[in-house]
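Let's walk through the salt bridges in this one. Have the side chains on display as you read.

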Amino acid sequence: MIYLGERHDSVADHEAQLEIIEALHAENPDVAIALEMFQRPFQPVLDQYLVGEITEEQLVEQSEYEQRWGFPWALYAPIVRFAKTNQIPLIALNAPTDVVRQVARQGLESLESEDLEYIPPLEDIHTDNENYRAFVLQALGAHGSHGDFNPDNFFAAQLIWDETMAERIAQFHTANPDTQIIVLAGQGHVLYGYGIPDRVARRLGEALSQQIVVLNPSEAIAAQTNSADLFWYNTAN
């Protein structure tokens, strides 16, 4: 399991992701690419694209990419095209936007049965990592300027992302234990292992091999050697 922690709007980070994916695929073609950028209800759309049933334009439209993610498609298109050319599975990881927003506004307890289809059971949403809570609220606490900001709900919304993505990764690994999964996700979901990696390990066992690679890290992140297993710097940087 390899996590490539990105800044979503960084051209350099996405170039690095493609370079790493190409190298890993050349070494072992049995890989899959897991994507924070696509939400779990749209897995069938990714599958249809890979087998040629829909075009790239239809993929963007039918996955509601522009509304649900919004960062320029051109940043991710080369990776998705490489996957199609080489028939690499693409895994939609993320929780539905409306569920995450509901939790951010009103908390986990506000979710109803129909909200749970694409997220883990609520008992699997672990809120007990105080270090992660502090990290999330410090990194994203600027949202507190909005009048109805609730730190508990905000952290819970982050955990909905993390636990949903971790569950899907664990499910795919269980079904395909020999496939190397390459996870593309924001740095905040992988730094220190707090977000996705620890929650995958909780589901699959601590012996699972996982590597966290932070792409073109800031000086502050690079100064903390426990923030990742590896740092990757583009040659031009």
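Is Arg81 buried, partly exposed or exposed? Arg81 is partly exposed, with a relative accessible area of 41%; here buried means under 20%, exposed over 50%, and partly exposed in between (1.4 Å probe, protein chains only).

A word on the ground rules: this is a predicted model, where local features need pLDDT of at least 70, side-chain atom pairs count only at pLDDT 80 or more, and totals for chains, interfaces and linings use all residues. Residues are numbered from 1 along each chain as its sequence is written, and side-chain values use heavy atoms, leaving out hydrogens and water.

The structure has 8 salt bridges, each being a side-chain nitrogen of Lys or Arg within 4 Å of a carboxyl oxygen of Asp or Glu. Among them are these:

| Pair | Closest N to O |
|---|---|
| Arg7 and Asp13 | 3.0 Å |
| Arg40 and Glu167 | 2.8 Å |
| Glu56 and Arg81 | 2.8 Å |

Start with Arg7 and Asp13: Arg7 is partly exposed at 37% relative accessibility, while Asp13 is buried at 0%.

Next, Arg40 pairs with Glu167. Arg40 sits in the loop between β2 (31–39) and α2 (43–50) and Glu167 in helix α8 (residues 151–175), so the pair ties together parts 127 residues apart in sequence. Helices (H or I, at least four residues) and strands (E, at least two) are DSSP runs, numbered from the N terminus. Both Arg40 and Glu167 are buried.

Back to Arg81, whose partner is Glu56. This pair links helix α3 (residues 56–62), home of Glu56, to helix α5 (residues 73–85), home of Arg81, 25 residues apart. Glu56 is buried at 15% relative accessibility.

Finally, Glu163, Arg199, Arg202 and Arg203 are joined into one network by salt bridges that share partners.
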